[in-house]
Amino acid sequence: MTNENQTNGSVAGTVAAVKSRSTPAHAMAPAEKPGKFSGIDFKRWQMKMLFYLTTLSLQRFIKEDPPVMADSTPDDERLVVTEAWKHSDFLCKNYILSCLEDDLYNVYSVMETSKALWNALEKKYKTEDAGLKKFVAARFLDFKMIDTRSVITQVQELQVIVHDLLAEGMVINEAFQVAAFIEKLPPLWKDFKNYLKHKRKEMTLEDLIVRLRIEEDNKNAEKKSRGNSTIMGANVVEEAPQNKKRKKASDQRITQAGKSSRQKVKRLKNIRGKNGEKSVLKLQI
């Protein structure tokens, strides 16, 4: 009786230990559920999904096959371990499926295990991501800055492309990034580009962006100053004809005043002359 109890206790302990290994322990608070995958940007979605499964302690089921028990394993232990694993795998698989768009859900819901589902998604969309690498690389190579837009804004756009390249696993060191950014400066920045090219001291990307920002601010200030000078010049040009008109009008008034004064003098002389003649006649009489 004692030996039978010890045997049952040993089996029960083994089952409990195996069950605890098969059943995930919720050690972390679940993270925010990833958005539904629609077939675009698989790598980012996959990373978010892996983190989400990790917070649920289910991440190992995307790599595990169903447990294989030894022939000598008691039936009750075999049943408990298998059922515990199936339950956890079922949860993991459906967590993944619930983060797929409906069309993809219908395609992949036939997968039997989490591992089969995960591998099928990787096989389909990681292959497409290889094409995405070429696309991102082409965007970087074809990117050219133009004079009609802010250089700093275009530098920020180029930084986003570089980030995508790094996210795709492409290695681009900082010295190459600095040289590429300088080479892509717009035509009106030719002199500044040559100045940067001939600098012997190596710059970090952050240093380059600071220099570009300062140079752009200086160029904008010069444009503003040049614009104000042009406006002032136009005002001077406009005022010159007006001054000429004023002077001409003033000269005309002076001329007219002179004429009128001469006419007055003439009339007075005529009047005086007539009066003189009359007085002479009176004296003669």
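Select L208 first. Leaving aside neighbours within four places in sequence, L208 is in contact with V178, F181, I182, L196 and M203. Keep in mind that this is a predicted model.

**The largest core**

Now widen the selection around L208. The largest nonpolar core holds 25 residues, and L196, L208 and L212 touch the most other members. Colour the elements that give two or more residues to this core: α5 (114-142), α6 (151-167), α7 (174-183), α8 (190-197) and α9 (205-284). Which of them gives the largest share? Helix α6 does, with 7 residues. Nonpolar side chains tend to be buried together in soluble globular proteins.

**A second core**

Next, select F61, I96, Y108 and Y125. These belong to a second, separate core, which has 23 residues. Leave I96 highlighted for the next stop.

**Helix α3 and its partner**

Show residues 75-97. This is helix α3, with 23 residues. From first C-alpha to last, α3 reaches 32 Å, close to the 33 Å expected at 1.5 Å a residue. Colour its buried residues: E77, V81, A84, W85, S88, D89, C92, K93, I96 and L97. Charged residues are on that list too, including E77, D89 and K93.

Add helix α2, residues 42-55. The axes of α2 and α3 come within 11 Å and cross at roughly 145 degrees. The crossing is right-handed. Which side chains should you display here? From α2, take W45, M49, Y52 and L53; from α3, take C92, Y95 and I96. Those residues make the contact. I96 therefore has three roles on this tour: it is a member of the second core, it is buried in α3, and it is part of the contact with α2.

**Salt bridges**

Switch to charged side chains. The count comes to 8 salt bridges. Three are worth a stop.

- Select E64 and R60. Their closest N and O atoms are 2.6 Å apart. E64 is partly exposed, at 25% relative accessibility. R60 is partly exposed as well, at 26%.
- Select D164 and R139. They form a salt bridge with the closest N and O atoms 3.9 Å apart. What does this pair tie together? D164 lies in helix α6 and R139 in helix α5, so the bridge links parts that are 25 residues apart in sequence. R139 is partly exposed, with a relative accessible area of 34%.
- Select K219 and E215. Their side chains meet in a salt bridge at 4.0 Å, N to O. Both residues lie in helix α9, 4 residues apart, about one turn of the helix. An α-helix has 3.6 residues a turn, so residues three or four places apart point the same way. K219 counts as partly exposed, at 24% relative accessibility.

**Last stop: E183**

Go to helix α7 and pick E183. Is E183 buried or partly exposed? E183 is partly exposed, with a relative accessible area of 44%. Show its contacts next. Not counting residues up to four places away in sequence, E183 touches K193 and K197. Finally, draw a distance from E183 to M145. Their C-alpha atoms are separated by 9.6 Å, while the two residues are 38 apart along the chain.

Notes:
Residues are numbered from 1 along each chain as its sequence is written. This is a predicted model: local features need pLDDT of at least 70, side-chain atom pairs count only at pLDDT 80 or more; totals for chains, interfaces and linings use all residues. Side-chain values use heavy atoms; hydrogens and water are left out. A nonpolar core is a set of buried Ala, Val, Leu, Ile, Met, Phe, Trp, Tyr and Cys residues joined through side-chain atoms within 4.5 Å. Buried means under 20% relative accessible area, exposed over 50%, partly exposed in between (1.4 Å probe, protein chains only). Contact means heavy atoms within 4.5 Å. The expected span of a helix is 1.5 Å times one less than its number of residues. Axes are lines fitted to C-alpha atoms, for helices over the stretch in contact, and angles run from 0 to 180 degrees between N-to-C directions. A crossing is left-handed if the near helix is turned anticlockwise from the far one by less than a right angle, and right-handed if clockwise.
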